[in-house]
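Open the model in your viewer and keep the sequence panel visible. The stops below say what to select next and what is there.

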Amino acid sequence: MSPVIKKPKKKFHIPSKYVLMIVSALCVLLLVLTYSFPFATSPFRNVSSYLIVPFQNGISAVGDWMIDKRDYIARIKDLQAENEELKTELSDLKSENTELQQNKYELSRLRKLYTLDAQYQDYDKTGARIIAKDSGNWYHSFLINKGETDGLAVDMNVIADDGLVGRVTAIGPHWARVISIINDDSNVSAQVLSTSDNMIVSGSLSDYANGVIDYSKLTDNADQVTVGDKVVTSNISDKYLPGILIGYISSINKDANNLTKSGQLTPAVDFEHLDTVLVILEVKETISDGDTSSGSSDK
Amino acid sequence: MRKFRALLIIALMIIVSFILQTSLFRFLNIGGISPNLMIIVTVSLSIVYGDKKGTVIGFICGLLCDIFFSDYLGFYALVYCFTGYLSGKFERIIFPDSLKLPIAAIAGSDLLYGFFCYVFRFVINGKFFFGSFILHYVLPEILYTTLIALIIYPLIIWIYKRFMRPIRESEKNFAKRKSTL
């Protein structure tokens, strides 16, 4: 190029490393901001939920429908055989049911007597469909298609197949994020149903590949807990309602301190094939210390 | 006009891949592992647009993941914007039409992404299971992502060439000089 021809006027350029620095500083700022003010995330969530959630809803509905149809064709034979079986079972159950119904009346009468009914009362539940799963492969959280407008709130418990799935951790107008108990950083205070011994159930990514999750800090001095015992959420948990089934103990090891035990349990819920869940419309009441409590406990 | 259209298409690509990743690949997962479309989009766009724009594109991709799936905004945004920056460095080295190097870059970025997440999500919590983590989660994800990238990367490049490529400076200058002469 000859030196006479002037270069066209130079545009103002920021070197790319400064762009990177600015953007990462922005990220760190966001992290700090949302860490110290959890409510700061809600405007982002509201905007994006109107943009994204309807599509996730749609695609999930189509996917569910397709899987439904596939199963439908595959299972039609099985169902016929099953139907016969069930018919005979039904007649048995009918007779059993009448008997149980009588027992139930008696039971409820007795419960009223003991004013225990509040604790064991059926919780108010609402069904929800899973519309999206976490974008990473190693976090077990997902979105459901109900939110604030359906009466959900943060920290509500989520169940499926009669077992505990997790709890709501974030919420938008028409969606909620559920973190499951098998997520690597979730811990649940639990107890063995038969002996009422307390323990901590924690999700574990490395063990979940084997279909189990971990528990620890089980105090069982009398050696009464055995493999196969039911584990339910405990009364002292501050996020989970008491008495929800978590799973069954599959192995017990004595800890090195000789006081507590740890091991693994098989969750009652099949987390691989979840598509609908039930949300319990009740938040565990906790004593909030002053006015510093997060927005979860006061609705 | 062309610039605006390019912006619109980028935004659309990011949103569509996020939606597909979180909803469609729930059904198309293999053994619980689904591919990482966001990495594919970030890396492919960074390769054609360079490190500066790659950083911003990565930031937006990450922020989208953050908004829905993490408690504090910014973690994924950080990881993705570094991914965009690093793969944007290949802009001058990789010829986007070839397939081998971009796919390798995507696989490498996915590995880096897995490593980042491992360090900042698990090591910080005092959990060490590097071997099984790599074997059971990261490697399958890379494999699946690479397979999907073989389809999606050419698609993105095609869209880029067809609708988004800016008219080059040299082409403009050439036209200008021709008219002055």
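Select chain B of this predicted model: it has six helices and zero strands. Along the sequence the pattern reads α-α-α-α-α-α. Chain B has 181 residues, and 48% of them count as buried. Color its contacts by sequence separation, if your viewer can do that. Of those with a separation of 6 or more, 70% are between residues 24 or more positions apart.

**Helix H2 of chain B**

Now select residues 37-69 of chain B, which are helix H2. How far does H2 of chain B span between its end C-alpha atoms? The span is only 15 Å, whereas a straight helix of 33 residues would cover 48 Å at 1.5 Å a residue. Center on Gly50(B), where H2(B) bends by about 145°. Then display the surroundings of the helix: 30 of the 33 residues of H2(B) are buried, so mostly covered is a fair description under a cut-off of 20 or more other C-beta atoms within 10 Å.

**Between the chains**

Show both chains together and select the residues in contact across the two. There are 41 in chain A and 41 in chain B. On the chain A side, helix H1 (16-36), helix H2 (42-114), strand S1 (125-133) and S2 each supply at least two of the residues that touch chain B. Color that side of chain A by class: it has 20 nonpolar, 14 polar and seven charged residues.

**Chain A as a whole**

Hide chain B and look at chain A alone. Its 299 residues include four helices and 12 strands. In chain A, 33% of the residues count as buried. For contacts with a separation of 6 or more in chain A, residues 24 or more positions apart account for 55%.

**The loop between S2 and S3**

Select the loop between strand S2 (141-144) and strand S3 (157-160) of chain A, where Met156(A) is found. Is Met156(A) buried or exposed? Met156(A) counts as buried because it has 25 C-beta neighbours inside 10 Å. Leaving out residues up to four places away in sequence, Met156(A) touches Arg167(A), Val168(A), Val279(A), Ile280(A), Leu281(A) and Val283(A). Draw a distance from Met156(A) to Thr169(A): 13 residues separate them in sequence, and 8.2 Å in space, C-alpha to C-alpha.

Step to Asp155(A), which lies in the loop between S2 and S3 of chain A. Asp155(A) counts as partly exposed because it has 18 C-beta neighbours inside 10 Å. Check its backbone too: the phi of Asp155(A) is near 80°, a positive value in a residue other than glycine. Most residues other than glycine have a negative phi.

**Strands S8, S10 and S11**

Select residues 260-267 of chain A, strand S11, together with residues 213-219, strand S8. S8 and S11 of chain A pair in the antiparallel sense over five bridges. To find the register, label Asp214(A), which stands opposite Gln264(A) in S11(A).

Add strand S10, residues 245-254 of chain A, which pairs with S11(A) in the antiparallel sense over seven bridges. Here the pair to label is Ile252(A) and Gly263(A), the latter in S11(A), standing opposite each other. S10(A) and S11(A) form a hairpin with five residues between them. Asn258(A), in the turn of this hairpin, has a positive phi of about 65°.

Next, go to the loop between S8 and strand S9 (230-233) of chain A and pick Asp223(A). Its phi is near 55°, again a positive value in a residue other than glycine. Is Asp223(A) buried or exposed? Asp223(A) counts as exposed because it has 9 C-beta neighbours inside 10 Å.

**Confidence in chain A**

Finally, color chain A by pLDDT. The average is 80, and 87% of the residues score at least 70. Which elements of chain A have the lowest and the highest mean pLDDT? Helix H3 (residues 117-120) has the lowest, 45, and strand S7 (residues 198-202) the highest, 91. Over residues 116-120 of chain A the pLDDT is below 50, and the stretch has three contacts in the model beyond near neighbours in sequence. Residues 290-299 of chain A are also below 50, with 11 such contacts. Where pLDDT is low, the predicted coordinates should not be read in detail.

Note on methods:
Residues are numbered from 1 along each chain as its sequence is written. Chains are lettered from A and ligands numbered from 1 in the order in which they are written. This is a predicted model: local features need pLDDT of at least 70, side-chain atom pairs count only at pLDDT 80 or more; totals for chains, interfaces and linings use all residues. The expected span of a helix is 1.5 Å times one less than its number of residues. The bend at a residue is the angle between axes fitted to the seven residues ending there and the seven starting there. A residue is buried if 20 or more other C-beta atoms lie within 10 Å of its own, exposed if 12 or fewer, and partly exposed in between; C-beta atoms are placed from the backbone. Two residues are in contact if their C-beta atoms, placed from the backbone, lie within 7 Å. Two strands pair if DSSP finds at least two bridges between them. Ala, Val, Leu, Ile, Met, Phe, Trp, Tyr, Cys and Pro count as nonpolar, Asp, Glu, Lys and Arg as charged, and the others, Gly among them, as polar. pLDDT is the predictor's confidence in each residue, from 0 to 100.
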